[in-house]
Structures are given as structure tokens and as C-alpha cells.
Amino acid sequence: MLLSIIGTGRLLSNPIASGLLPAFHARLSRDLTNIGLGHPIVFDLEIVDTTHSYEPADGIFTVPVTGIYVFNWNLMTKETSGMDTTLTSSQGSLGYGFVSNADVWDNGGNLVMAKLTQGTHVWLKKVSSYGSFLHERFSTFSGYLLTETD
């Protein structure tokens with residue numbers, strides 16, 4: 001059975017019927033600079049994606065089945081390049097993260113749990129005017145289905 005996610009052109013296998021639970025983990029393949037305000041932070045190196053629901057070309061996760069999902073992100077910035085981020089979805093904001101704007105390399109992020117419906121898009125975006133650098137090896141974005149719901 002295939003699910004067509006409206007407006008994305010993506011076809012996804014039904015993960016519950018096939019025995020796979022949706023889970024993804026991605027990181028940056030290179031340091032990011034000049035990160036656009038309000039745009040998705042694109043974690044372009046996909047490490048795990050059990051249901052092909054995360055798109056490393058645009059940084060967007062498409063919810064394949066309705067349920068409760070857990071998302072985690074960690075960002076490392078260089079000195080004086082802190083950053084405010086929001087985990088955003090087509091259903092609205094889901095959570096917020098912060099990396100200090102200190103005079104040292106620093107990291108921060110958050111873990112968020114949210115009930116999401118099938119077809120919802122989820123991404124991480126920068127929401128502050130400051131912050132222009134993310135370190136490639138220590139900046140990651142992950143998510144997984146905790147439990148399916150109606």
C-alpha cells in the first residue's frame with residue numbers, strides 16, 4: 001500500500017503495515033554559514049530514514065502516519081554566533097531551541113513531543129536575526145514515531 005503525500009509528489013510505503021516505524025537522523029555534510037532567517041535548516045546528510053519520510057534536499061520531514069512523534073535537534077555554533085530556532089510544522093510551531101551567543105563555541109537544541117497528523121510537514125528554522133554559523137559534525141536533527149494514534 002502506498003501513501004501519496006498531497007502537494008509533495010512523495011510516495012511513502014505504509015510503515016505500520018510493513019512493520020517499520022518512522023525514524024530519521026540527519027546531520028550537516030559541511031559547516032553552514034549565512035543561514036537564512038525563517039528558512040528550513042537543511043540537514044543534508046541522511047544517516048537513518050526507515051520510511052523515506054525525511055528529505056535531505058529541503059530538510060523537511062513528512063509525517064507518514066498519524067501519531068505522537070519525538071523530535072530532537074542539537075546545534076553547535078562558533079563564538080558570538082548563537083541562534084534561536086523553532087521546530088515548525090504545517091500545523092504550527094512545535095517547540096523552541098536556543099544556542100548561547102557567548103564568546104565560546106556552544107551547543108543547544110531541544111527535545112519535543114507532538115501529536116501530528118499524516119501528511120504534516122516538520123522542519124527546523126532559524127528565527128533570530130543573529131547567528132550565521134553551524135558546525136557540520138555536531139549539528140543534528142532526528143525524529144521518530146513514539147506511538148500511532150487515531
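Two strands are said to pair if DSSP finds at least two bridges between them, and strands themselves are DSSP runs (E, at least two residues) numbered from the N terminus. The model is predicted, so to speak of local features requires pLDDT of at least 70, side-chain atom pairs count only at pLDDT 80 or more, and totals for chains, interfaces and linings use all residues. Residues are numbered from 1 along each chain as its sequence is written, and side-chain values use heavy atoms, with hydrogens and water left out.

An open sheet of five strands, with antiparallel pairing, follows the order β6-β7-β12-β9-β10. Its edge strands, each pairing on one side only, are β6 (54–55) and β10 (92–99). At the β6 edge, two bridges join this strand to the antiparallel β7 (residues 60–62), and there Tyr54 has Phe61 of β7 as its bridge partner.

Tyr54 also appears among the residues that Phe43 touches (contact means heavy atoms within 4.5 Å); others, leaving aside residues up to four places away in sequence, include Leu75, Leu124 and Phe141. Phe43 and Phe71 touch the most other members of the largest nonpolar core, which has 26 residues. Such a core is a set of buried Ala, Val, Leu, Ile, Met, Phe, Trp, Tyr and Cys residues joined through side-chain atoms within 4.5 Å, where buried means under 20% relative accessible area (1.4 Å probe, protein chains only). Among the strands that each supply at least two residues of this core are β3 (23–27), β8 (67–77) and β14 (140–148), and β8 gives the most, with four residues.

These three strands are also linked by pairing: eight bridges join β8 to the antiparallel β14, with Asn72 opposite Ser142, while five bridges join β3 to β14, again antiparallel, with Ala23 opposite Tyr144.

Note on methods
Buried < 20%, exposed > 50% of the residue type's maximum accessible area, 1.4 Å probe, protein only.
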